[in-house]
Amino acid sequence: MSMIFFACVVRVRDGLPLSASTDFYHTQDFLEWKRRLKTLGLRLAQYPGRGSAEGRDFSIHFSSFGDVACMAICSCQCPAAMAFCFLETLWWEFTASYDTTCIGLASRPYAFLEFDSIIQKMKWHFNYVRSSPMESSLEKIHEELKLQPPVVLTLEDTDVANGVMNGHTPMPFEPAPNFRMEPVTALGILSLILNIMCAALNLIRGVHLAEHSLQVAHEEMGNILAFLVPFVACIFQCYLYLFYSPARTMKVLLLLLFICLGNVYLHGLRNLWQILFHIGVAVLSSYQILTRQLQEKQSDCGV
């Protein structure tokens, strides 16, 4: 018995449909739920992470991460763990097939319609095949849903494209699902330790300089900022290494620029070797951040 009837991939920022399954259900109720799904797709930026809207016969489930979201219309008998396992697998397959540049530049609906064949294969697998890897994945998703339940939407939330029109305010922010990153390396740990040390040195020097500047001149204020800005940048570098964040490359380059400019500005308060040390640590940390990627998807759902 089919439990997953329809699935699509949507760009989060504007609700542009990128791909969808070919469906053969044309009942009035099903078409109404497709309309609700399309409407909800326009508002996904308000509901990061996982969410569900349930009705008498059908339910909508969605899972988003970054600028890509996967949505599905399922039978009301479909377990939530099965729906979200399907959506997570679909997300991995789509993001592995198309890079972020292609997704961001897509300008017409269903620009990746050829992905329909993958969606159909996955739908069939989840509807009719059971395997031990899939059962293991369903148990894992079930535990995640216990710890972090999905956003529950009412049918009213799917009725209009703008929540303000029916008197609703946007739902509170729910954190996106945690996607595991590659294991921390020994060199990565070293870069964290050195970065924390540089941050501490910058903070101590900056606070010390501020305490001894009762009447702060413009030059002294510049020196204080030149210590404190790299301090903040070092802390943020540690965060970017440990946790995934969208647009990491741009953030890493900006942080590296702030650290380099701050240390160059401090020429006179620091000697050349100290400046090179701080910049070298920043370069090492930047490299470690950019080379630590999301963990490759395992074949945990049997697809």
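Is Ser63 buried or exposed? Select Ser63 and keep that question in mind. The model on screen is a predicted one.

**Stop 1: Ser63**

Ser63 sits in strand β4, which covers residues 58-65. Ser63 is buried: its relative accessible area is 7%, and the cut-off for buried is under 20%. Now show what surrounds Ser63. Leaving aside neighbours within four places in sequence, Ser63 is in contact with Gly49, Arg50, Val68, Ala69, Cys70, Phe84 and Leu87.

**Stop 2: the sheet**

Widen the selection to the strands. β4 belongs to an open sheet of 6 strands. Read across it in the order β2-β1-β5-β4-β3-β6. The pairing is mixed. Strands of a sheet pair through backbone hydrogen bonds, either parallel or antiparallel.

Which strands form the edges? Select 17-20 for β2 and 151-153 for β6. Each of these two pairs on one side only. From one strand to the next, the twist averages 20 degrees.

**Stop 3: strand β3**

Select residues 50-54, which make up β3. β3 is largely enclosed by the rest of the structure, because 4 of its 5 residues are buried.

Look first at the β4 side. β3 and β4 pair in the antiparallel sense, over 5 bridges. The two strands form a hairpin, with 3 residues between them. Two pairs are worth labelling here. Gly51 stands opposite Phe62 in β4. Ala53 has Ile60 of β4 as its bridge partner.

Now turn to β6. How do β3 and β6 run, parallel or antiparallel? They run parallel, joined by 3 bridges. Label Ser52 on β3 and Val152 on β6: these two residues stand opposite each other.

**Stop 4: helices on the sheet**

Select residues 28-41 to bring up helix α1. α1 lies across β1 (4-11), β3, β4, β5 (68-75) and β6. Relative to β4, α1 runs at about 25 degrees.

Next take α4, residues 116-128. α4 lies across β1 and β2. Its angle to β1 is about 140 degrees.

**Stop 5: Ser21**

Select Ser21, in the loop between β2 and α1. Ser21 counts as buried, at 5% relative accessibility. What does Ser21 touch, once neighbours within four places in sequence are left aside? Its contacts are Phe5, Phe6, Ala7, Asp116, Ile119, Gln120 and Lys123.

**Stop 6: α2 against α4**

Keep α4 on screen and add α2, residues 80-97. The axes of α2 and α4 come within 11 Å and cross at roughly 150 degrees. That angle makes α2 roughly antiparallel to α4, since angles over 145 degrees count as such. The crossing of α2 past α4 is right-handed.

Show the side chains of the contact. From α2, pick Met82, Cys85, Phe86, Thr89, Leu90 and Glu93. From α4, pick Ile118, Ile119, Met122, Lys123, Phe126 and Asn127. Colour them by type: 8 residues are nonpolar, 2 polar and 2 charged. Two residues of the α4 set, Ile119 and Lys123, also appeared among the contacts of Ser21.

**Stop 7: α6 against α9**

Move along the chain to α6, residues 186-211, and α9, residues 272-291. How far apart are the axes of α6 and α9? They are 9 Å apart, and the helices pack at an angle of about 140 degrees. The two helices are therefore oblique to each other. Their crossing is left-handed.

On the α6 side, select Leu187, Gly188, Ser191, Leu194, Asn195, Met197, Cys198, Leu201 and Asn202. On the α9 side, select Phe277, His278, Val281, Leu284, Ser285 and Gln288. This contact divides into 8 nonpolar residues, 7 polar and no charged.

**Stop 8: Gln293**

Finish at Gln293, in the segment after α9. Gln293 is partly exposed, with a relative accessible area of 36%. Add Pro183 and draw a distance between the two C-alpha atoms. Gln293 and Pro183 are 110 residues apart along the chain, yet their C-alpha atoms are separated by 9.3 Å.

Notes
Residues numbered from 1 in each chain as written. Predicted model: local features only at pLDDT ≥ 70, side-chain atom pairs only at ≥ 80, totals over all residues. Heavy atoms only, no water. Axes fitted to C-alpha atoms, helices over the stretch in contact; angles between N-to-C directions. Parallel < 35°, antiparallel > 145°, perpendicular 65-115°, else oblique. Left-handed = near helix turned anticlockwise from the far one by under 90°. Contact = heavy atoms within 4.5 Å. Nonpolar A, V, L, I, M, F, W, Y, C, P; charged D, E, K, R; others polar. Buried < 20%, exposed > 50% of the residue type's maximum accessible area, 1.4 Å probe, protein only. Pairing = 2+ DSSP bridges.
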